Amino acid sequence: MATPNPHSELERRRVGSLARAQAWLIAALSRGHAQRVDARRRALIEPLRGRVLEIGPGSGTNLALFHPTVEWVGAEPSAAMRELLLKEAARQGRPIALLDDAAESLSLPDASVDAVVCTLVLCSVRDPRAVLAEVRRVLRPGGVFVFIEHVAAPRGSLLRRVQRLVRGPWRLCGGGCHPDRESWRDVEQAGFASVEIERFSLPVPVVAPHMAGSARR
C-alpha cells in the first residue's frame, strides 16, 4: 500500500488556498466594475426571459439582476469561483444549474437556451472565437447574446502600447485576462444575424476602453 505523501497534500492545500485567494480578489474587482457599469448591466440583463446561460459567471455578481422566472444556467470552470457562486445563490434563495464547463466547450445541446450573458469573459478565455461559436451553437434561433467587456485601446495609441507592455503580469494576476484584445472584431465576425455594439470608456487604468451590446442568432 502506498504511503501518503505529506508534501503532496500540503501542496494541494497551498494551491487550493492560492486559487481561493485569487478568486476572492477577482470577485472583489468584478463587484467594483459592476457598480461602474450598473445601468448597462441592468439594461442588458433584466429584460431576458426563458432559459439563460451565463458563461464565466464568477462569484455571481450578475445573479441578482436576472428576472425571478429565468431558468439560470452557469458555466464556470473555476472550482474556487463555483464555491463563491453557490454561496451567493443560497444567499439569494435562487435555484441555479451550475456546470464546470469551459466556455470553449459547453456540454449543453444545440439551440437549448434563449439568451447568453457574458461580462468580462472574452478577455480571459483561451480562444474567444471558439467561445463565440459555442454561444451561437447553444442559442435558439432568434436568441440573444449580451455582453460587456473591456477591450484594446486604438492601435498606435500610447494606451495600446501600455496594454501590450503589461500584458504578461496582467494575465498572471488577473486569471488570464488580456488587456489588449480586440473583442469587438471577434463578435462582429462570429456570424450572428445582427450585432449592436456601444463603445465607451471608464475612468480606470490600463483597461479604460470598453464595449457593451447584443447580438442575435
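1. Let's start with Trp72. In this predicted model, Trp72 is buried, with a relative accessible area of just 2%. Since the cut-off for buried is under 20%, the label fits. Its partner Phe66 is buried too, at 3% relative accessible area.

2. How do Phe66 and Trp72 face each other? Their rings make an edge-to-face aromatic pair, with 6.5 Å from centre to centre and 75° between the planes. That angle counts as edge-to-face because the planes are over 60 degrees apart. The structure holds three aromatic pairs, and this is one of them.

3. Now look at Phe145 and Phe192. These two rings are stacked, with centres 5.8 Å apart and 10° between the planes. Both Phe145 and Phe192 are buried.

4. Which parts of the chain does the Phe145 and Phe192 pair tie together? Phe145 belongs to strand S5 (residues 139-150), while Phe192 is in the loop between helix H7 (183-188) and strand S6 (194-201). The pair therefore links parts that are 47 residues apart in sequence. Try finding both residues in the sequence, then in the 3D view.

5. Don't stop at the pair, though. Phe147 joins Phe145 and Phe192 in one aromatic cluster.

6. Finally, have a look at rings with a charge over them. The charged end of Arg40 sits over the ring of Phe200, 3.7 Å from the ring centre. Over the ring of Trp184 you'll find the charged end of Arg199, and here the distance to the centre is 4.1 Å.

Methods. Residues are numbered from 1 along each chain as its sequence is written. This is a predicted model: local features need pLDDT of at least 70, side-chain atom pairs count only at pLDDT 80 or more; totals for chains, interfaces and linings use all residues. Side-chain values use heavy atoms; hydrogens and water are left out. Rings of Phe, Tyr and Trp (its six-membered ring) pair if their centres lie within 6.5 Å; planes under 30 degrees apart count as stacked, over 60 as edge-to-face and the rest as tilted. Buried means under 20% relative accessible area, exposed over 50%, partly exposed in between (1.4 Å probe, protein chains only). Helices (H or I, at least four residues) and strands (E, at least two) are DSSP runs, numbered from the N terminus. A charge sits over a ring if NZ of Lys or CZ of Arg is within 6 Å of the ring centre and within 35 degrees of the ring normal.
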